[in-house]
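Me: I am new to this structure and would be grateful for a close look at one part of it. Please describe the sheet and the loops that deserve attention alongside it.

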Amino acid sequence: MSTLPVYRWRLAPDGMATRRQLRAAGLRPGGQDVAAQLERPRRRRGPLVAYLYLIERAKPVRPMTARRAAALAKANTARRTCPACRRDAGYVIPASLGTCVPCHDLPA
């Protein structure tokens, strides 16, 4: 078992990127293993960790198809629909409330 190379924040070598950086460039890791680890120190807690991937082995992001777009729209609608009143709340219902704000504020 080999250990990953660890780099300090902003000191990663060229040719490596985080998932977010890959996505911004229109790429995805594409099944490759993590190449290195990036650590950002914090004062009273453990460091923030980000994983780095090799850019040369990254693959292009899969294009959005009509069926994937429809599935995504259906999932987002479900997140906005209140289970109590069945109305579209116009925002994603917080998991902490479980219902839209008007339904949550009704006296029990």
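Reply: A suitable starting point is Ala17, which stands opposite Tyr53 in E5. This is a predicted model, in which local features need pLDDT of at least 70, side-chain atom pairs count only at pLDDT 80 or more, and totals for chains, interfaces and linings use all residues. Residues are numbered from 1 along each chain as its sequence is written, and side-chain values use heavy atoms, with hydrogens and water left out.

Strand E5 covers residues 48-54 and pairs with E2 in the antiparallel sense over two bridges. Here strands (E, at least two residues) and helices (H or I, at least four) are DSSP runs numbered from the N terminus, and two strands pair if DSSP finds at least two bridges between them. The open sheet consists of four strands in the order E1-E4-E5-E2, with mixed pairing. E1 and E2 stand at its edges, each with a single partner strand, so one side of each has no neighbour in the sheet.

The loop between strand E1 (6-8) and strand E2 (16-17) contains Arg10. Although Arg10 is not a glycine, its phi is positive, at about 65 degrees. Most residues other than glycine have a negative phi. Arg10 is exposed, with a relative accessible area of 73%; exposed means over 50%, buried under 20% and partly exposed in between, using a 1.4 Å probe and protein chains only.

Arg86 lies in the loop between helix H2 (66-80) and helix H3 (101-105). Its phi is also positive, near 65 degrees, in a residue other than glycine. Arg86 counts as exposed, at 64% relative accessibility.
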